[in-house]
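Biologist: I have the model open next to the sequence, and I'd like to go through it with you. Could we take it piece by piece?

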Amino acid sequence: MASRIDLKDTQREQQMFASRSLVALVLVSLAIGVLLSRYYTLQISEFETYQTASERNRVQLQPLPPKRGLIFDRNGILLADNRPSYTLSLILERVGDLDSTLEALGQLVDISEADLERFHTRRLQRRPYELVPLRFRLDDEEQARIAVNRHRLPGVTIDAQLQRYYPHGELFAHALGYVGRINTRDMERIDQANYRGSFHIGKIGVERRYEDELHGRVGYQTVETNAHGRVLRVLERFDPVPGRDLILHLDYRLQSVAHAALEGRRGAVVAIDPLTGGVLALVSTPSFDSNLFVNGISRRDYAALRDSPDVPLFNRTVQGQYPPGSTIKPVMALAGLEGGLVDPDTTVADPGWYRLPGDRRRYRDWILRIRGTGHAPEVDLKMAIAESCDVYFYDLAHRLGIDGIHDYLAHYGLGSRTGIDTTAERPGILPSRAWKRAALSQPWFPGETLSVGIGQGYMLTTPLQLAVMTSILATRGEHREPRLVRTLGTEDLEAPLQDPVMVDGAHWDAVVEAMREVVHGRRGTAKAIARGLNYEMAGKTGTAQVIGIAQDEVYDEDVIDARHRNHGLFVAFAPLQAPTIAVAVIVENGGGSSAAYPIARSVIDAWLQEEVALN
Amino acid sequence: MAEYVRQMPDAVGPLTQPPALARQLHVDVPLLVLLAALTAYGLVVLYSASGQDVAAVMRQGRFFLVAYLVMFAAAQISPVRWARWSPWTYLAGVTLLLAVAYFGVGAKGAQRWLNLGGFRFQPSEVMKLAVPMTVAWYLSSRRLPPGPRYLVVCVALIALPSALILRQPDLGTSLLVAAAGLFGIFMAGIGWRFIGGTALVALLSAWPAWRFLLEDYQKQRILTLLNPESDKLGAGWNIIQSKTAIGSGGWAGKGWNQGTQSQLDFLPESHTDFIIAVLAEEFGLRGVLALMLLYVLILLRCFWIGVRAQSSYGRILCGSLTLTFFVYIFVNMGMVAGLLPVVGVPLPLVSAGGTSVVTLMAAFGLLMAVSTEKRVIGQ
């Protein structure tokens, strides 16, 4: 009986199983339907979308950054180099947990707040799969520490790039400028395609002015990569065009001499080859190490430079605008001679002060404080320049009038940018009635003309402008735009000629002879540097007041604050007969020109010795 | 009596015909042919997916060899004996799972392996077979459909190993083991009302499960699945890449070894869990359909074996193993195509791997044992 029940149960169970199998089959068919419709959608309906995605995945366009051009001095001394630098970068797509990765890296290498800040800024602007640099210039030990821990740091890479290095950072910081990391402002002005793969761009100076030539043209390669970004195969390659090298007119040795001579002072030296317009030295002190800027200067370093009262970031040679003081007197003399107001023998009575007709105010000569009287009862042009007589030039200025002064001095490049091939140059001020009306909305007062006549008052010039002015005197009228770069790649550049200054030969002779007297004369204001001089030099001293001196007030160096002391200036060219160098020196708060002319002599000495050595 | 007579032709058949060689060897020829075709197809795809690595194909070939031997061995043992052994394999499996929890070896943050003198062993694999066997064994000796009392026992039998595996943690395997057991209950003829009720309870308990049971990485997987585009190059990477691979295959595919996605390493785990993407990319929808056809034929054959099985044990076991096999297919193909969460389920008999292949073939061995069981009249 039991077997019958079992049999019956078996049969029922079998039927039940069959029906359940049927239900299961229906469910399975439905599920298969869902699967197949999904695959149909992906492979047939959306085929093109995915085909494109797959193509893009596989082939990547990689930029090949060009090698930046090198910069050499005139003798082939390397001033701006490219050195391999090891950079720690992250590919964020492959980094698991960014915070913990950064923390782990922070324990291996030193990562500053500034590094992190820059990293996060760059991270937000990156392209997919782009390397985002975190730390630059890893040293060997740091590289090793990262390498050992690489396995637990996915997405972390160390790569070598060529990076700007300035072997003489401080010495040439102002002359060359520097490169820095490309920022958003740079992005707006550059051809971004050309900078894919480049991290640096010229920020100021020659590096900026010649950016296009130095940078070169980016190359590309199309590569097949795997998902880890590893290049499996290069499909095509367009080589980058390397940047062109620059050879400067600058002379390393001259630059060093000028820099050393200004050591510990605030000041500027500009030396120009009058024949070519080539800038032989361009020194502004204090300076800074331009290498600091290459990878983004740290906040602390930058604050130190920015907040220093000596403003080391300020390029005094082209940005510094100083009253030229008596250094413009030779040009003023030429204005008088050419205007027919004076001839070389014309004399002016010098009681030590000057008074405008109908004005009670006395305009003092600097000598009055020292001697209590003027330079001589009657002063001629030669003495006026050699001894820097103010009264002579007060008189001349009054007769020229401010616009006469303006129009003549403008021929020497004063009051406008020289056009030097660097950045941030300022024009200075060559005042005129029109200028004062426009700038200050005030009429011109006759007394102001007298101040301008001795390079004071509203007049401001840059050391570079003074050097250009001096080189025009040296060449007797030939005027070229100053140039830092002599050769671009293999192409020699010529400094563009400006309108020459036409002056009667006798007038040149008179003024140049007077300038010779400044150095070589018995009573020349720069006679202190004549000793041991084995060549002839023409010069002119200058003193620029930093603060205004009230009527009848006496400037007393001893009681005056160091920052309010007069600036010392000196301009010179040599050798007298065939000048090969023109120099302008300014020493801020140097007290007087005695701070400046020894520097000029060292520079000219160095240059002429070098020339002798070369010949 | 009429019912008895109707049973006759079937029961008598084997006695009237001389037993075929296949039957003597306990081999189900149609199933064997289909499996051979599937594994061959799998090796072809694997060759490409592994980056034309002959060694990888040879290794997988050796795994298949072992797996076929295990299948043949399993087929030699009669279902009656398997039924008797079922509770013991279950007990052994649970013991091993406990051992894993205490002495197991970890990998990628999960403790799933047992180190047996240089041989690494994953006890959860055993449970993929032991659970449906035990459910079949337990239910086959009851009146079917089973009453609520037995169901509670069954659910407990399923829940214990599933919970242990979930704690390893291995969500995928845990769900597969539980599913295998539940399919057994389903095939045993459980009432629809009960199924509906359970489904309702499951839905209601989804929230607490999400809140308290799932690990963060499991939640992440589900969230990523719901919106992989949200984290294109992070968590959603695998799915986006596999979808790209599948989609770019089109109808005809890019050709064998020509799949750029898989050949260029964009595709993660291309030779294991994501191998279907390689197949779809290189052989196109045609290749997917061919694979699906093989699977469907295998499933049909397995259901047929179940329908014709001699004992309830055989039927229930057959049904649950067949459905589990399909779940593998569905979950794997679904997850790679972005339909289901990425839970780490291999594509049966195509994905490279040792343990999973051996387990699957052992299951087919059990099916062959059922298929070739001697037909006896009555008990």
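Biologist: In which sense do strand 22 and strand 23 of chain A pair, and over how many bridges?

Modeller: Bearing in mind that this is a predicted model, strand 22 (residues 567–574) and strand 23 (residues 581–587) of chain A pair in the antiparallel sense, over seven bridges. Within that pairing, Val571(A) stands opposite Ala584(A), which belongs to strand 23.

Biologist: OK, and what sheet do they sit in, what's the strand order?

Modeller: They belong to an open sheet of five strands in chain A, with the order 14-13-23-22-21 and antiparallel pairing. Strand 14 (279–285) and strand 21 (538–544) stand at the edges with a single partner strand each, so one side of each has no neighbour in the sheet. From one strand to the next, the twist averages 5°.

Biologist: Back to strand 23 for a second. Which residues is Val583(A) in contact with, leaving aside its sequence neighbours?

Modeller: If we leave aside the neighbours within four places in sequence, Val583(A) is in contact with Val269(A), Ala271(A), Ala467(A), Val571(A), Ala572(A), Ala600(A), Val603(A) and Ile604(A).

Biologist: So how many residues are in the largest nonpolar core, and which have the most contacts inside it?

Modeller: The largest nonpolar core has 125 residues, and Val583(A) is one of those with the most contacts inside it, a group that also includes Val269(A), Val270(A), Ala271(A), Ala281(A), Val585(A) and Val603(A). As for secondary structure, helix 17 (residues 390–409) of chain A gives the most to this core, with 10 residues. Apart from it lies another core, of 113 residues, and among them are Ala53(A), Leu96(B), Leu157(B) and Tyr313(B).

Biologist: Switching to chain B: how many helices and strands, and what share is buried?

Modeller: Chain B has 16 helices and three strands, and buried residues make up 50% of its 379 residues. Among the contacts in chain B with a separation of 6 or more, 71% are between residues 24 or more positions apart.

Biologist: And how do helix 15 and helix 16 of chain B pack, at what angle?

Modeller: Helix 15 (residues 312–336) and helix 16 (residues 355–371) of chain B pack at an angle of about 145°, with their axes 10 Å apart, and the crossing of these two helices is left-handed.

Biologist: Which residues make that contact?

Modeller: Helix 15 of chain B contributes Gly314(B), Leu317(B), Cys318(B) and Leu321(B), while helix 16 of chain B contributes Ala363(B), Leu366(B), Leu367(B) and Val370(B). By class, that contact has seven nonpolar residues, one polar residue and no charged residues.

Technical notes: Residues are numbered from 1 along each chain as its sequence is written. Chains are lettered from A and ligands numbered from 1 in the order in which they are written. This is a predicted model: local features need pLDDT of at least 70, side-chain atom pairs count only at pLDDT 80 or more; totals for chains, interfaces and linings use all residues. A nonpolar core is a set of buried Ala, Val, Leu, Ile, Met, Phe, Trp, Tyr and Cys residues joined through C-beta atoms within 7 Å. A residue is buried if 20 or more other C-beta atoms lie within 10 Å of its own, exposed if 12 or fewer, and partly exposed in between; C-beta atoms are placed from the backbone. Helices (H or I, at least four residues) and strands (E, at least two) are DSSP runs, numbered from the N terminus. Two residues are in contact if their C-beta atoms, placed from the backbone, lie within 7 Å. Axes are lines fitted to C-alpha atoms, for helices over the stretch in contact, and angles run from 0 to 180 degrees between N-to-C directions. A crossing is left-handed if the near helix is turned anticlockwise from the far one by less than a right angle, and right-handed if clockwise. Ala, Val, Leu, Ile, Met, Phe, Trp, Tyr, Cys and Pro count as nonpolar, Asp, Glu, Lys and Arg as charged, and the others, Gly among them, as polar. Two strands pair if DSSP finds at least two bridges between them.
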